[in-house]
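Reader: I would be grateful for a close look at a single part of this model, the surroundings of the bound ligand. Please set it out as one connected account, and then place it beside other local features of the chain.

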Amino acid sequence: MVRPWRVAIVGGGITGLAAAVRLRDSAPEGTEVTVYEQSGRLGGKLFTGELAGGPVEFGAESFLMRDPAGGESAAVTLARRLGLAEAIVHPTVGQAALLVDGTLRPVPGGTLVGVPGDLEKVAAVAPPAADADRDAGHPLLAAGEDTSVGELVRKRLGDAVVERLVDPMLGGVYAGRADDLSLVTTMPALARAARAEHTLVGAVRAAQAAAPRAP
Ligand SMILES: Cc1cc2nc3c(=O)[nH]c(=O)nc-3n(C[C@H](O)[C@H](O)[C@H](O)COP(=O)(O)OP(=O)(O)OC[C@H]3O[C@@H](n4cnc5c(N)ncnc54)[C@H](O)[C@@H]3O)c2cc1C
């Protein structure tokens, strides 16, 4: 007689809990699954707390709806499996703002994580350098070359664009300064476009055009 499996999952964050559900669904009949959690609370980094009397997510507050190929994401599949598909809350379209010289100004559109694809749109918040982004006569980046995002944007568009747009947006995502973040690692689509385009704005537009559009 085959003895039933006994599986221990160490950690009751979303990874451990999703693994437990997967085992429940696909492991042989009679499999015993135990989740060990040290903290006394399931969820790990996922944690809804309270701030100023209202609920607020202290960890992740959003997830991707689509996988890279355009299909349903694993998170949506899991929510559906748990009977929570109808409870998914889609974000309302809000207007993010930047505090510039004491005034809140809408974050300009058309940027790639803060790197502008349209200089006019960013001029009010982060005026580009006077002779900004002239045709370099050759691609911005040579084959195999890398640079920091900050260095490239400073060179092409000036300091204000880095400090008021790129650092708040890209730096916010990667918890670092644009001057210390590799273009190839943090913005691979822009790096690819920069190997063909002669201007930064052209490279941003090319990268945006190449990005798959999920509904
Ligand atoms: C502030 C913040 C915002 C985020 N925003 C997003 C977002 O918007 N979208 C997104 O997709 N992701 C986001 N993330 C990342 C996402 O939250 C994590 O990648 C994910 O929750 C990690 O899940 P996990 O189960 O792998 O790890 P964890 O959630 O860290 O769970 C690990 C669990 O294992 C337990 N454990 C560890 N060691 C032991 C042991 N020896 N014995 C027993 N138990 C143990 C821990 O107590 C913990 O409960 C964010 C993260 C943070 C911190």
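Which polar backbone atom lies 3.2 Å from a nitrogen atom of the ligand?

Author: The model is a predicted one, and the values below are computed from its atoms. The polar backbone atom in question belongs to Q38, and the separation from a nitrogen atom of the ligand is 3.2 Å. Two further backbone contacts accompany that of Q38. A polar backbone atom of K45 is 2.7 Å from an oxygen atom of the ligand, and a backbone N or O atom of S62 lies 2.7 Å from a nitrogen atom of the ligand. Taken alone, the ligand exposes 1,000 Å², and 54% of that area is buried by the protein.

The shell around the ligand holds 18 residues, of which I14, T15, E37, K45 and S62 come nearest. K45 and S62 therefore appear both in this nearest group and in the backbone contacts just described, K45 with an oxygen atom of the ligand and S62 with a nitrogen atom, each counted as a pair of N or O atoms within 3.5 Å. By character, the residues of the shell divide into six nonpolar, nine polar and three charged.

An aromatic feature may be taken up next. The count of aromatic pairs comes to one. The ring centres of F47 and F58 are 5.5 Å apart and their planes stand at 75°, so the pair is edge-to-face; the cut-off for that class is an angle over 60 degrees. The two rings link distant parts of the chain, 11 residues apart: F47 is in the loop between strand 2 (32-36) and strand 3 (48-51), while F58 is in the loop between strand 4 (54-57) and helix 2 (74-81). F47 has a relative accessible area of 33% and is therefore partly exposed. F58, at 48% relative accessibility, also counts as partly exposed. The ring of F47 has a charged neighbour as well: the charged end of R41 sits over that ring, 4.2 Å from its centre.

Elsewhere in the chain, two residues deserve attention for their backbone angles. Most residues other than glycine have a negative phi. D101, which is not a glycine, has a positive phi of about 50°. D101 lies in the loop between strand 5 (97-100) and strand 6 (103-106) and is exposed, with a relative accessible area of 66%. D133, likewise not a glycine, has a positive phi of about 60°. D133 is placed in the loop between helix 3 (119-122) and helix 4, and at 9% relative accessibility it counts as buried.

Helix 4 (residues 149-157) contains R156. At 13% relative accessibility R156 counts as buried, and a polar atom of its side chain lies 2.3 Å from the backbone oxygen of R134.

Two separations within the chain complete the account. A178, in the loop between helix 5 (159-174) and helix 6 (183-186), is buried at a relative accessible area of 0%. The C-alpha atoms of A178 and V201 are separated by 17 Å, the two residues being 23 apart along the chain. R6, in strand 1 (residues 6-10), is exposed with a relative accessible area of 71%. From R6 to P128 the C-alpha distance is 62 Å, across 122 residues in sequence.

Notes
Residues are numbered from 1 along each chain as its sequence is written. This is a predicted model: local features need pLDDT of at least 70, side-chain atom pairs count only at pLDDT 80 or more; totals for chains, interfaces and linings use all residues. Side-chain values use heavy atoms; hydrogens and water are left out. Rings of Phe, Tyr and Trp (its six-membered ring) pair if their centres lie within 6.5 Å; planes under 30 degrees apart count as stacked, over 60 as edge-to-face and the rest as tilted. Helices (H or I, at least four residues) and strands (E, at least two) are DSSP runs, numbered from the N terminus. Buried means under 20% relative accessible area, exposed over 50%, partly exposed in between (1.4 Å probe, protein chains only). A charge sits over a ring if NZ of Lys or CZ of Arg is within 6 Å of the ring centre and within 35 degrees of the ring normal. A residue is near a molecule or strand if one of its heavy atoms lies within 4 Å of it. A polar contact is a pair of N or O atoms within 3.5 Å; within protein, one must be able to donate a hydrogen and the other to accept it, and residues adjacent in sequence count only if both atoms are side-chain atoms. Accessible areas come from the Shrake-Rupley method with a 1.4 Å probe; for residues, only the protein chains shown count as cover. Ala, Val, Leu, Ile, Met, Phe, Trp, Tyr, Cys and Pro count as nonpolar, Asp, Glu, Lys and Arg as charged, and the others, Gly among them, as polar.
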